[in-house]
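Here is a short report on one protein structure. Keep the sequence and the 3D view at hand as you read.

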Amino acid sequence: MKLPRPEEALPEFPLACLRRYVAIEGTLQATVLAAQAFTSLIPYIVVASAFAPGDADIADSIIDRFGLEGNSAKSVHQLFASAGETESAVTWISVVILLLSALSFTRALQRLFQRAYGRPANPVKDTQRGLL
C-alpha cells in the first residue's frame, strides 16, 4: 500500500471526513445518541438519589444549582420526591428500568461506531459489551 504524499492528502482529508459524516448520517446519529443519554440520565438520578447518603433532597439541590422558580421548580419536586419517599418507591422494577435505559444508550453508541467504521453488527457480543 502506497501512502499519498502529505501535500496531496492534506486537502483530501477534510473532504473525506465530511463525506463519511454525511454517509453515516452524523447529525441524526448525534441527535439519537444525545436523546438516549438524556433519557438514561433521569432513571439514574432517581435511583442514585434513593440510595445516596444523607437527608438532602436531590430536587432541592437541582433547583438551587440551576436557579429554578415557579412551574419548573414544581416539576422538579414532582419528579424527584423526597429521599425517604423515593427510597421506599425504588424497587427492583426501578433498577430494571435503569439497566434497560443504560443498555439502550450503550447499544446506540455501539451502532454509531459500527456505522462509522463499517463494522458488521453482532447482537450477542454487542449486548454483552453493553452490559459491561
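The report goes from the overall fold to the core, and then to single residues and pairs.

**Overall fold**

This is a predicted model. The protein has seven helices and zero strands. Read along the sequence, the pattern is α-α-α-α-α-α-α. The protein has 132 residues, and buried residues make up 20% of them. The accessible surface comes to about 9,900 Å². Carbon and sulfur atoms account for 65% of that surface.

Contacts tell us about the fold too. Take the contacts between residues at least 6 apart in sequence: 67% of them join residues at least 24 apart.

**The nonpolar core**

Which residues make up the largest nonpolar core? There are six: Ala-59, Ile-62, Ile-63, Ala-73, Val-76 and Phe-80. Helix H3 (58-66) and helix H4 (70-79) each supply at least two of these residues. H3 gives the largest share, with three residues. In soluble globular proteins, nonpolar side chains tend to be buried together.

Now pick out Ile-62. Set aside its neighbours within four places in sequence. Ile-62 is then in contact with Leu-68, Val-76 and Phe-80. Val-76 and Phe-80 belong to the largest nonpolar core, as does Ile-62.

Arg-65 makes a contact of another kind. Arg-65 lies over the face of Phe-66, at 5.9 Å from the ring centre.

**Along helix H6**

Helix H6 covers residues 92-117. Two of its residues can be followed across to other parts of the chain.

Start with Ser-101, which is found in H6. Is Ser-101 buried or exposed? Ser-101 is buried, because its relative accessible area is 13% and the cut-off for buried is under 20%. Leaving out residues up to four places away in sequence, Ser-101 touches Thr-39, Ser-40 and Pro-43. Ser-101 and Gln-36 are 65 residues apart in sequence, yet their C-alpha atoms are 7.7 Å apart in space.

Leu-99 also has its place in H6. Leu-99 is exposed, with a relative accessible area of 53%. Its C-alpha atom is separated from that of Pro-43 by 9.0 Å. Along the chain, Leu-99 and Pro-43 are 56 residues apart.

**The aromatic pair**

The structure holds one aromatic pair. A pair of aromatic rings is described by the distance of the centres and the angle of the planes. Here the partners are Phe-113 and Tyr-117. Their ring centres are 6.2 Å apart and their planes are at 5°, so the pair is stacked. Planes under 30 degrees apart count as stacked.

Where do the two residues lie? Both are in helix H6, four residues apart, which is about one turn of the helix. Phe-113 is partly exposed, with a relative accessible area of 45%. Tyr-117 counts as exposed, at 60% relative accessibility.

**Salt bridges**

Side chains of opposite charge can pair when their charged atoms come close. How many salt bridges does the count come to? The count is two. The table lists them.

| Salt bridge | Closest N and O atoms |
|---|---|
| Glu-12 with Arg-19 | 3.2 Å apart |
| Arg-115 with Glu-25 | 3.6 Å apart |

Glu-12 is partly exposed, with a relative accessible area of 37%.

The salt bridge of Arg-115 with Glu-25 has its closest N and O atoms 3.6 Å apart. Why does this pair tie together parts that are 90 residues apart in sequence? Arg-115 lies in helix H6, and Glu-25 lies in the loop between helix H1 (6-23) and helix H2 (26-51), so the pair links these parts. Arg-115 counts as partly exposed, at 34% relative accessibility. Glu-25 counts as partly exposed too, at 39%.

**A positive phi**

Glu-25 deserves a second look. Most residues other than glycine have a negative phi, and most peptide bonds are trans. Glu-25 has a positive phi of about 55° although it is not a glycine. Glu-25 lies in the loop between H1 and H2. To find this residue in the 3D view, start from Arg-115, its salt-bridge partner.

Technical notes
Residues numbered from 1 in each chain as written. Predicted model: local features only at pLDDT ≥ 70, side-chain atom pairs only at ≥ 80, totals over all residues. Heavy atoms only, no water. Phe/Tyr/Trp six-rings, centres within 6.5 Å; stacked < 30°, edge-to-face > 60°. Buried < 20%, exposed > 50% of the residue type's maximum accessible area, 1.4 Å probe, protein only. Lys NZ or Arg CZ within 6 Å of the ring centre and 35° of its normal. Core = buried A, V, L, I, M, F, W, Y, C linked by side-chain atoms within 4.5 Å. Contact = heavy atoms within 4.5 Å. Areas by Shrake-Rupley, 256 points an atom, 1.4 Å probe, with all protein chains shown as cover. Salt bridge = Lys/Arg side-chain N within 4 Å of Asp/Glu carboxyl O.
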